[in-house]
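Trainee: I would like a close look at one part of this model, with its packing and its rings. Could you pick one and follow its contacts outward?

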Amino acid sequence: MRSLIQEFKRILKSLIFLGLIVAFVLALVSQLGSKPPEFQEPKPNQETYGIYLTDDLDYIYPNLMVDLKTAVDANYFATYPFGFYREKNLTDSELNAIKAIMAEMAGKPYEEISDNDHLKNPSQAKLELQLEKIDALIGGGSFYASDEYKVHFGKKGMSYEEALSDYHLMRGQGFDLAFARYFSDYAGIFTMLLTWFMGLYLWNKDRKEGVANTLYVKSISSLKLIMTRVLAMSLAILLIILAIFTYYEGQLLFDYGLDLLSPLKAYGLVIAWILPIILFIVSLSSLITIASKSILFGFLGPIFSMVYLMSSSANIYYNIGYVLLLRYNSVGNEKYFISQINTFLIGRTVWLVLAILIIVLTVFLYERRRRGYHAFKSILPIKNRV
C-alpha cells in the first residue's frame with residue numbers, strides 16, 4: 001500500500017497528469033456542454049418523443065427485408081468497414097446468391113417479396129446465420145451483420161405513453177443514473193484515446209532518468225512493482241473522470257435534489273463502464289513499452305484506438321455488448337438498458353480479465369528483463385579484467 005501511495009503521489013505531481021486533466025475537461029465539456037440535459041415530463045401532442053430500440057422481430061424483420069430488397073434491386077450497399085463509408089456494387093453472382101438467401105428466408109421466390117408482405121419471422125438464430133452470409137457477400141461492415149441489424153432496423157418512434165413510461169422509469173432509477181450512461185459514452189471515447197499517453201510518459205521517463213536501472217536492483221518483486229504502477233496510473237485516470245462527473249452530479253443535485261438522484265448507482269455505473277477501458281489500455285501500454293524498450297512502438301496504441309473508434313462509429317446507440325468501447329449515445333431508453341444489464345456486467349468483466357492477463361504477461365516479461373540485467377552485471381567485472 002505504501003508503494004502504491006508513493007507512486008500515486010508521483011503521478012499527481014507529473015506534467016502528464018496535469019495535461020490529461022486539461023485534455024479530458026476540454027474534450028468532455030465540448031461534447032456534453034457545461035450543464036447536463038434537462039429531465040422534463042413529456043407533454044401530450046408533442047411533435048416527437050424520440051426513439052427507442054426494440055428486440056421484436058415482428059418489427060425488425062419486415063424493415064430489414066424491405067431495406068435489403070431495395071439495396072439488391074439498386075445494387076447499392078452502404079458499408080462502414082473500419083468506420084469509413086464505402087459504397088459497394090456487387091457482381092451478378094453475388095446478387096443472385098443474396099436473392100437465393102432472401103427467398104429461403106421469405107419462403108417464396110425473390111420476385112414475389114414485396115413491401116406489403118406479412119412475412120413469417122424465422123428464429124433469431126436462423127436469421128442471424130443467414131445475415132452473416134449476406135454480410136460476407138457484401139464484404140462486411142454492412143447494416144445486415146448479425147451484430148448490427150437490431151440497432152439499424154429496431155428503432156421505433158416513441159408514443160406519448162411510451163415516453164411518459166420511460167420518464168417515470170428514469171425518475172424512479174435516478175436522473176443521474178440516466179445521465180451517467182450518456183456521460184460514460186463520451187468518457188469512454190476519450191479514455192481510449194488519451195489513456196495511452198500516461199503509460200508512455202511514465203515508462204519513458206523512467207528510462208530517460210535511469211530509474212529503470214534502479215528498479216531492476218530493488219528488492220521489490222516484479223509482480224508488486226508492475227501492479228503498483230498499473231494501479232496507480234489507472235486510479236489517476238479514473239480520478240479525473242470521476243472528478244468531471246462530480247461537476248455534473250453537483251448540478252443535477254442542485255436542480256432536482258437528492259430524492260430524484262441515485263449517486264451510488266450513478267458513480268458505480270461510471271466506474272464499471274470506464275475502469276475496464278482504463279485498466280486494459282494502461283496494462284497494454286505498459287506491456288508494449290516494456291517489450292519494445294521504445295516509446296515509438298507505444299504510439300501504435302493511440303492509432304489502434306482511432307481505428308477502433310472509427311470502426312464503431314456506425315453504431316453509437318444502444319451498443320451494450322462485449323466490446324471494449326460501449327456506446328449509448330442517449331439519455332433515455334431506460335427500459336432497454338435495464339434489459340441488457342447482465343450483458344453489460346459480463347462484458348465489463350471479460351475486459352477486466354483480459355487486462356489482468358496482460359498484467360501477468362507484463363510481469364513475466366519484466367522479471368525476465370530484471371534477471372538479464374543482474375546476469376549482465378555479474379559478468380561485467382570479468383569482461384573488464386580480460
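Mentor: Start with handedness. A crossing is right-handed if the near helix is turned clockwise from the far one by less than a right angle, and left-handed if anticlockwise. Helix α8 passes α11 in a right-handed crossing. Keep in mind that this is a predicted model. The part to follow is α8, which spans residues 175–194. The chain around it has 386 residues, and 47% of them count as buried. It holds 16 helices and 4 strands. Contacts across long stretches of sequence are well represented. Of those between residues at least 6 apart in sequence, 81% join residues at least 24 apart.

Take the α11 side. Helix α11 covers residues 222–256. Its axis is 11 Å from that of α8, and the two pack at an angle of about 155°. The cut-off for roughly antiparallel is over 145 degrees, so α8 is roughly antiparallel to α11. From α8, the contact uses Phe175, Asp176, Phe179, Ala180, Phe183, Ala187 and Thr191. From α11 come Ile241, Ile244, Phe245, Tyr248, Glu249, Leu252 and Tyr256. By class, this contact of α8 with α11 has 11 nonpolar residues, 1 polar and 2 charged.

Now the other partner, α2. This helix runs over residues 15–32. It packs with α8 at an angle of about 140°, and the axes are 10 Å apart. By the same cut-off of 145 degrees, α2 and α8 are therefore oblique to each other. Their crossing is right-handed. On the α2 side, the residues are Leu20, Ala23, Phe24, Ala27, Leu28, Gln31 and Leu32. They meet Tyr182, Phe183, Tyr186, Ala187, Phe190, Thr191 and Leu194 in α8. The class count for α2 with α8 is 12 nonpolar, 2 polar and no charged residues. Compare the two lists for α8. Phe183, Ala187 and Thr191 appear in both, facing α2 and α11.

Next, the rings. A pair of aromatic rings is described by the distance of the centres and the angle of the planes. Rings pair if their centres lie within 6.5 Å. By this rule the count comes to 19 aromatic pairs. One of them involves Phe175 of α8 and Phe39. It is stacked, with 4.6 Å centre to centre and 15° between the planes. Phe39 sits in the loop between α2 and β1, while Phe175 is in α8, so the pair ties together parts that are 136 residues apart in sequence. Phe39 and Phe175 are both buried.

For contrast, look at a pair away from α8. Phe280 and Trp351 form an edge-to-face pair, with 5.1 Å between centres and 85° between planes. This pair also links distant parts of the chain: Phe280 is in helix α12, residues 263–292, and Trp351 is in helix α16, residues 341–385. They are 71 residues apart. Phe280 has a relative accessible area of 10% and is buried. Trp351 is buried too, at 15%.

Back at α8, rings also gather in a group. Phe179, Phe183, Phe245, Tyr247, Tyr248 and Tyr267 form one aromatic cluster. Two of these, Phe179 and Phe183, are on the α8 side of the α11 contact, and Phe245 and Tyr248 are on the α11 side.

Finish with the surroundings of that outlying pair. Pro276 is found in α12. At a relative accessible area of 2%, Pro276 is buried. Beyond its neighbours within four places in sequence, Pro276 is in contact with Ile271, Leu324, Arg348, Trp351 and Leu352. The C-alpha atoms of Pro276 and Thr349 are separated by 7.7 Å, although the residues are 73 apart along the chain. Leu352 lies in α16. Leu352 is partly exposed, with a relative accessible area of 28%. Outside its neighbours within four places, Leu352 is in contact with Pro276 and Leu279. Leu352 and Leu279 are 7.2 Å apart, C-alpha to C-alpha.

Note on methods: Residues numbered from 1 in each chain as written. Predicted model: local features only at pLDDT ≥ 70, side-chain atom pairs only at ≥ 80, totals over all residues. Heavy atoms only, no water. Axes fitted to C-alpha atoms, helices over the stretch in contact; angles between N-to-C directions. Parallel < 35°, antiparallel > 145°, perpendicular 65-115°, else oblique. Contact = heavy atoms within 4.5 Å. Nonpolar A, V, L, I, M, F, W, Y, C, P; charged D, E, K, R; others polar. Phe/Tyr/Trp six-rings, centres within 6.5 Å; stacked < 30°, edge-to-face > 60°. Buried < 20%, exposed > 50% of the residue type's maximum accessible area, 1.4 Å probe, protein only.
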